[in-house]
Amino acid sequence: MPKQAMYKRGDDNGMWPILKMVTQRLALGVVTLFVVSVLIFSSVEFLPGDIATEILGQAATPETVAQFRKDVGLDKPPVERYFSWLAGIAQGDFGKSLANQRPISELISSRLWNTLFLASMAALIAVPLAVLFGVLAALYRGSFLDRSINVMTLTTISFPEFFVAYILIMIFAVNLGVFPSISNIGPETPFWDRVYRSVLPSLTLTLVVMAHMMRMTRAAIINLLASPYIEMARLKGITRSQIIIKHALPNALAPIINVIALNMAFLVVGVVLVEVVFVYPGLGQLLVDSVAKRDITVVQASSLIFAGTYVLLNLLADVLSILTNPRLLHPR
Amino acid sequence: MTDTNANGQSGDILLQMRGIKIDGMADDVWNPIIKGIDLNLHRGEVLGLIGESGAGKSTLGLAAMGYARDGCRITEGSILFDGIELSTASDEAKRKLRGSRIAYVAQSAAASFNPAHKLIDQYSETPIHHDVLDQETARKDAVELYEKLRLPNPSEIGFRYPHQVSGGQLQRAMTAMAMSCRPDLIVFDEPTTALDVTTQIEVLDAIRNIVRQFNTAAIYITHDLAVVAQMADRIMVLRYGELVEEAVTEDMLSDPKEDYTKSLWAVRSFQKPQKPLAGPEETSVIRIENVTAGYTSGDMVLHNVAFDIHRKRTVAVVGESGSGKSTTARCITGLLAPKEGRILSNGEELPADYRQRSKDQLRQCQMIYQMADTALNPRQRIRDIIGRPLEFYLGLTGAKKRERVRELLSQIELEPDEYIDRFPGELSGGQKQRISIARALAAEPEFIICDEVTSALDQIVAEGILKLLFRLQEELNLSYMFITHDLATVRSIADEVVVMLQGRVVEQGPKDQMFTPPHHEYTDLLLSSVPEMDPEWLTKLLEDREKNKPGIELAGN
């Protein structure tokens with residue numbers, strides 16, 4: 001009865017509950033981002049070292065340091081700086097780099113695009129492969145195939161990604177010489193060249209994220225195999241593969257989508273090491289460089305973008321999982 | 001069906017099972033579930049398999065399809081289906097038979113339909129998969145069968161998702177699905193057990209008609225004798241995986257040979273003496289005063305519900321699922337604050353929200369649930385389960401607490417030394433329900449809500465529970481509110497009856513009065529829907545109802 005009551009409103013307006021839920025999640029996402037921005041700002045504030053001494057050198061006199069701090073606005077109290085920063089972001093202005101005074105949005109945009117390119121390329125390889133392997137492993141549970149898929153993915157996830165990267169470089173760049181070991185791309189690099197140069201980094205990422213998604217697909221499907229409707233399908237004489245694809249997979253989508261989203265977020269955020277290894281000009285590289293230079297405004301901006309990606313992808317996962325639930329999509 | 005196959009011998013044999021033995025895995029050991037059973041089924045015949053849970057009915061029924069559930073294996077015996085030996089047939093050969101020549105109808109239609117697909121797609125799946133029909137013909141055929149099974153709106157209902165259709169309709173849609181390839185044999189596994197009595201009738205009628213119309217043979221599995229009497233030509237009684245008795249339905253009903261069969265027949269005999277109504281001057285233990293309540297969103301579920309429960313009385317609240325029985329209980333316990341009206345305990349108003357009630361007020365009202373399995377924490381020992389309320393409400397600790405737990409265990413007729421250190425998983429269903437009772441008693445309440453406490457139990461076990469509750473009522477001056485949809489239970493234990501329909505009380509009064517006409521028409525419908533042992537009962541009832549139309553139409557059927 002409570003369930004019925006819950007969905008009753010859908011009678012007059014089918015999409016209404018879903019829209020409401022999406023708006024709620026969106027609002028929640030904004031709140032999360034706000035909290036994250038506070039965390040980012042304060043933790044960057046606590047970073048040891050100082051941009052002024054970093055730029056002016058150890059020999060700078062206290063007067064020049066103070067003057068520099070005044071010039072870039074670091075002398076103001078943190079709370080005031082935080083709110084002017086926040087107000088800027090709200091208007092799409094991330095401020096200027098402390099190190100070279102260029103606008104941050106300009107610094108970041110091409111880098112972000114590169115990172116997203118790499119992440120999408122890895123995702124395009126990893127997601128279909130992971131779901132396929134997951135379905136196969138569930139279909140032939142306990143078989144040699146199942147075990148080898150498990151061993152393989154678990155092995156690759158157990159190594160740190162830089163190690164996987166170097167192994168790939170050793171095999172494909174050094175020994176076979178088919179792919180470049182350095183992915184130096186620029187804005188004018190043609191598309192297929194870009195793809196070619198990004199093969200090794202995206203392959204590394206694929207190997208790193210696949211295990212999670214594949215194992216979740218397998219577990220979610222196997223979990224459903226004990227349900228009465230699967231038994232019903234078996235007793236209807238449906239073949240094993242059809243049972244898994246038609247009866248189990250659609251109902252297992254919600255958990256799978258969630259793990260995929262989490263891994264997508266990792267692809268964007270977790271590329272830092274991989275970008276460094278392949279000298280790939282992405283956002284991760286920029287972040288690492290900026291931390292080294294104590295360029296705190298850039299660090300803050302890139303961290304916030306990373307956080308935003310996480311929130312957005314998780315939101316997307318939530319909405320998609322809701323859409324796969326027929327109870328919500330087709331109210332009584 | 002009785003007319004087509006009166007002696008159960010005519011017609012050629014469709015299914016012949018010989019010396020079937022099936023093992024099940026429990027605690028890493030193979031235990032026998034079916035210990036050598038023979039079964040014959042003729043074309044067009046309906047065979048009833050009856051027994052309590054754990055008797056092996058479903059396992060045997062599934063074995064007729066050459067199928068064993070995970071954790072089960074058919075170890076011995078031959079299953080000859082229309083000349084094909086299923087016990088040695090390849091998986092592929094068996095798969096081709098399933099759905100097309102042998103079909104299955106499961107107990108819970110809600111769980112057995114895939115929530116992600118429309119009903120009609122699940123219907124068409126079988127004939128398309130087995131290359132019997134193409135999609136368009138299959139869909140037309142589905143609509144035709146939906147019509148034959150008297151589903152409302154047959155041309156549209158198939159395009160709904162399972163959750164959009166009521167339980168009774170789903171069960172008929174599943175019967176249609178089983179019929180999709182016009183199989184020679186259908187295994188019905190308790191198809192009406194999860195339904196209300198009023199809905200059950202329509203499903204029974206639909207199944208009986210369709211099986212007769214297509215001359216399909218059926219194995220009908222149930223624990224309800226009265227139901228099997230309506231459906232089967234011949235009955236086999238099973239117990240502990242062995243055949244107890246087998247006979248043509250009429251003979252089985254009129255002249256059961258074995259003691260066990262007789263005990264099944266006699267089980268509904270327990271009846272406690274009805275107490276007189278409490279005088280007007282007596283304050284009721286619980287008074288529900290014009291309660292209107294609903295959940296956060298949506299309409300009100302209860303409308304102006306009012307009744308009293310007096311000391312040492314049992315008030316049975318009956319009605320079908322969704323009638324508001326359990327919601328009433330939630331209002332009394334304070335889990336759901338009513339929108340209007342109030343709850344009084346011994347003349348004193350209780351706060352609407354349980355969080356505002358004093359510990360003593362909470363202690364006075366305890367609950368026992370339908371599923372003891374989920375109501376008991378599987379990780380706690382019995383001593384802790386019963387000990388917790390002792391500590392929480394009465395502040396007992398150490399030796400005193402231990403002594404009291406032992407006392408309570410003796411009170412519910414379980415040997416303290418043997419049971420005090422067990423986990424719920426090491427008990428039978430009936431024993432678990434006894435532990436739930438002990439836990440409720442530990443608080444020393446004056447009022448207990450029993451929510452369908454016997455419906456998950458076999459009849460013999462259920463009767464034991466009812467007797468125990470009655471004895472405790474006498475000894476401890478308890479009042480019960482008994483939520484149930486089983487009128488046999490009402491007959492045996494109630495003093496007063498409250499009939500609910502769509503959130504309203506439609507009739508209430510002392511039991512004897514409620515079971516003698518004239519009734520409110522809904523009460524009448526409810527009472528007449530309880531299956532009786534007479535094999536002609538369903539036929540007569542439907543004829544009667546046909547004559548007396550228009551009767552009242554029930555929502556959701």
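1. Let's start with a sheet in chain B of this predicted model. Four strands make up an open sheet, running in the order β2-β1-β4-β5, with antiparallel pairing. Its edges are β2 (29-42) and β5 (84-85) of chain B, each of which has a partner on one side only. Inside the sheet, strand β1 (residues 13-26) of chain B pairs with strand β4 (residues 72-81) of chain B in the antiparallel sense, over 8 bridges. If you would like a place to look, find R18(B), which stands opposite S78(B) in β4(B).

2. A hairpin further along chain B is also worth a visit. Strand β9 (residues 234-239) of chain B and strand β10 (residues 242-248) of chain B are antiparallel partners over 6 bridges. V237(B) faces E245(B) in β10(B), the two standing opposite each other. Between the strands of this hairpin there are 2 residues, and Y240(B) takes a positive phi near 50°.

3. The same strand β9 of chain B brings us to a salt bridge. The side chains of R234(B) and E45(B) meet at 2.7 Å, N to O. Where do the two residues of this pair lie in chain B? R234(B) is in strand β9 of chain B, while E45(B) is in the loop between β2 and β3 (46-50) of chain B; 189 residues separate them, so the pair links distant parts of the chain. Are R234(B) and E45(B) buried or exposed? R234(B) counts as buried because its relative accessibility is 7%, under the 20% cut-off. E45(B) is buried too, at 0% relative accessibility.

4. Here is a salt bridge with a more local setting. K94(B) and D91(B) meet through their side chains at 4.0 Å, N to O. Both residues belong to helix α2 (residues 91-97) of chain B and sit 3 residues apart, about one turn of the helix. The surroundings of the two partners differ: K94(B) is buried, with a relative accessible area of 12%, whereas D91(B) counts as exposed at 61%.

5. Another pair joins two loops of chain B. E446(B) and R311(B) form a salt bridge of 3.3 Å, N to O. E446(B) is in the loop between α18 (429-442) and β17 (447-451) of chain B, and R311(B) is in the loop between β12 (300-309) and β13 (314-318) of chain B, so the salt bridge ties together parts that are 135 residues apart in sequence. E446(B) is buried, with a relative accessible area of 12%, while R311(B) is partly exposed at 32%.

6. Charged residues of chain B also come together in a group: D12(B), R43(B), D82(B), R101(B) and D184(B) are linked in a network of salt bridges. Over all chains, the structure holds 47 salt bridges.

7. Now for the place where the chains meet. How many residues does each chain bring to the contact? Chain B contributes 33 residues and chain A contributes 26 residues. The area buried between them is about 2,900 Å², with carbon and sulfur atoms giving 58% of it. Y67(B), E125(B) and H163(B) supply 22% of the area that chain B buries against chain A, more than any other three residues. E125(B) also forms a salt bridge with K246(A), the closest N and O atoms being 3.6 Å apart. The interface of chain B and chain A has 4 salt bridges.

8. Two helices, one from each chain, make a good pair to view. Helix α15 (residues 296-323) of chain A has 28 residues and reaches 40 Å from its first C-alpha to its last, close to the 40 Å expected. Of those 28 residues, 20 are buried, so α15(A) is largely enclosed by the rest of the structure. Helix α8 (residues 197-213) of chain B has 17 residues and reaches 24 Å, close to the 24 Å expected. Here 13 of the 17 residues are buried, leaving α8(B) mostly covered. After α8(B) comes N215(B), whose phi is positive, near 50°.

9. Finally, a word on confidence in chain A. Its mean pLDDT is 84, and 95% of its residues reach 70 or more. Which helices of chain A mark the extremes? Confidence is lowest in helix α1 (residues 2-7) of chain A, at a mean of 39, and highest in helix α11 (residues 228-235) of chain A, at 93. Residues 1-13 of chain A have pLDDT below 50, and this stretch has 15 contacts in the model beyond near neighbours in sequence.

Key:
Residues are numbered from 1 along each chain as its sequence is written. Chains are lettered from A and ligands numbered from 1 in the order in which they are written. This is a predicted model: local features need pLDDT of at least 70, side-chain atom pairs count only at pLDDT 80 or more; totals for chains, interfaces and linings use all residues. Side-chain values use heavy atoms; hydrogens and water are left out. pLDDT is the predictor's confidence in each residue, from 0 to 100. Contact means heavy atoms within 4.5 Å. Two strands pair if DSSP finds at least two bridges between them. The expected span of a helix is 1.5 Å times one less than its number of residues. Buried means under 20% relative accessible area, exposed over 50%, partly exposed in between (1.4 Å probe, protein chains only). Buried area is the accessible area (1.4 Å probe) that two parts lose on being put together, summed over both.
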